[in-house]
Amino acid sequence: MVKLLSLFSGIGAFEKALQNLDIPFELVAYCEIDKYASKAYSVLHNAPESMNLGDITKVDETTLPTDIDLITYGFPCQPFSTAGRQEGFNDSKGRGNLFFDALRIIKHCKPKIAIAENVKNLTSDKFKTEFNTVLNALDEAGYNSRWALLDGTDYAMPQHRERVLIVSIRKDIDNGIFEFPAPVELTKCMNDYLEETVDEKYFVDTEKARALIPKLREKLISNTIRGGVVER
């Protein structure tokens, strides 16, 4: 039974993956600051919200157990994403350095494995320093890390969704055999997942759509300029 500590949990994608792979796990706690995501997590994974550690910056790692097998942590991607301002560790909202809160928890709990997920742009030249900082910090914490850029379309999902995965294995137990999974043939398209009929209440009427589109275009252009990307 895998003892799991879930950080930046969202609605629990890592947990769903464990379920899909038929890997039994015991949830030690989850950590999610957004109240709506926490509620969804609680319902989807049958976990009381009392198990939510809340704001990761306020988590006292010394109160957490040290016999954890796996820590998952998809630290905030907005500071590194091409869709944002790309402020990195200097993100004005304080999200860019939340990796270090996960790191202090990892250092205390010393899980056998820690798995991080983030956007592809974290591995770009723009964030070379930040990415190397992440890898070096994990190395100094006692972990060998392998990383790869994976795309959803390579794993039987009809959606281009490129993400960097960092798998860190504690050095004292690393036998060197870990490899990222080989691609899986894509046999379905997005239409296979869409409903044939959708209730009208989910549609935006024509007048609202016409008023909304210019506002969205203006916001997109503004974010693109602030992010230092000239393409539109």
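The sulfur of Cys109 lies 11 Å from the closest cysteine sulfur, which belongs to Cys31, and that is too far for a bond. The cut-off for a disulfide is 2.5 Å between cysteine sulfur atoms, and by this rule the count comes to 0 disulfides. I should say at once that this is a predicted model. Cys109 counts as buried because its relative accessibility is 0%. Cys31, at 3% relative accessibility, counts as buried as well.

Cys109 brings us to helix H3, which spans residues 99-109. Which residues of H3 are buried? They are Phe99, Asp101, Ala102, Leu103, Ile105, Ile106 and Cys109. As a general point, an α-helix has 3.6 residues a turn, so residues three or four places apart point the same way. The buried residues of H3 pack against strands E1, E3, E4 and E5, and also against helix H4. After the helix comes Lys110, whose phi is positive, near 50°.

Let me turn to the sheet. It is open, has 6 strands with mixed pairing, and follows the order E2-E1-E3-E4-E6-E5. E2 and E5 are the edge strands, each pairing on one side only. From one strand to the next, the twist averages 15°. H3 packs on this sheet, where it touches E1, E3, E4 and E5, and its direction makes about 180° with that of E3. Within the sheet, E4 and E6 run antiparallel and are joined by 7 bridges. In E6, Val164 is the residue that stands opposite Asn118.

I come now to the nonpolar core. In soluble globular proteins, nonpolar side chains tend to be buried together. The largest nonpolar core in this model has 33 residues, and those with the most contacts inside it are Leu5, Leu7, Ile71, Tyr73 and Ile105. At least two residues each are supplied by strands E1, E2, E3, E4 and E6 and by helices H3 and H4. Which element gives the largest share of this core? H3 does, with 6 residues.

Ile105 deserves a closer look. Leaving aside its neighbours within four places in sequence, Ile105 is in contact with Leu5, Leu7 and Ile71, and also with Ile56, Val59, Glu61 and Leu64. A second, separate core has 12 residues, including Tyr30, Tyr41, Ala47 and Leu70.

To close, H3 is the element that links these topics: Ile105 and Cys109 are among its buried residues, and H3 packs on the sheet.

Note on methods
Residues are numbered from 1 along each chain as its sequence is written. This is a predicted model: local features need pLDDT of at least 70, side-chain atom pairs count only at pLDDT 80 or more; totals for chains, interfaces and linings use all residues. Side-chain values use heavy atoms; hydrogens and water are left out. A nonpolar core is a set of buried Ala, Val, Leu, Ile, Met, Phe, Trp, Tyr and Cys residues joined through side-chain atoms within 4.5 Å. Buried means under 20% relative accessible area, exposed over 50%, partly exposed in between (1.4 Å probe, protein chains only). Helices (H or I, at least four residues) and strands (E, at least two) are DSSP runs, numbered from the N terminus. Contact means heavy atoms within 4.5 Å. Two strands pair if DSSP finds at least two bridges between them. Axes are lines fitted to C-alpha atoms, for helices over the stretch in contact, and angles run from 0 to 180 degrees between N-to-C directions.
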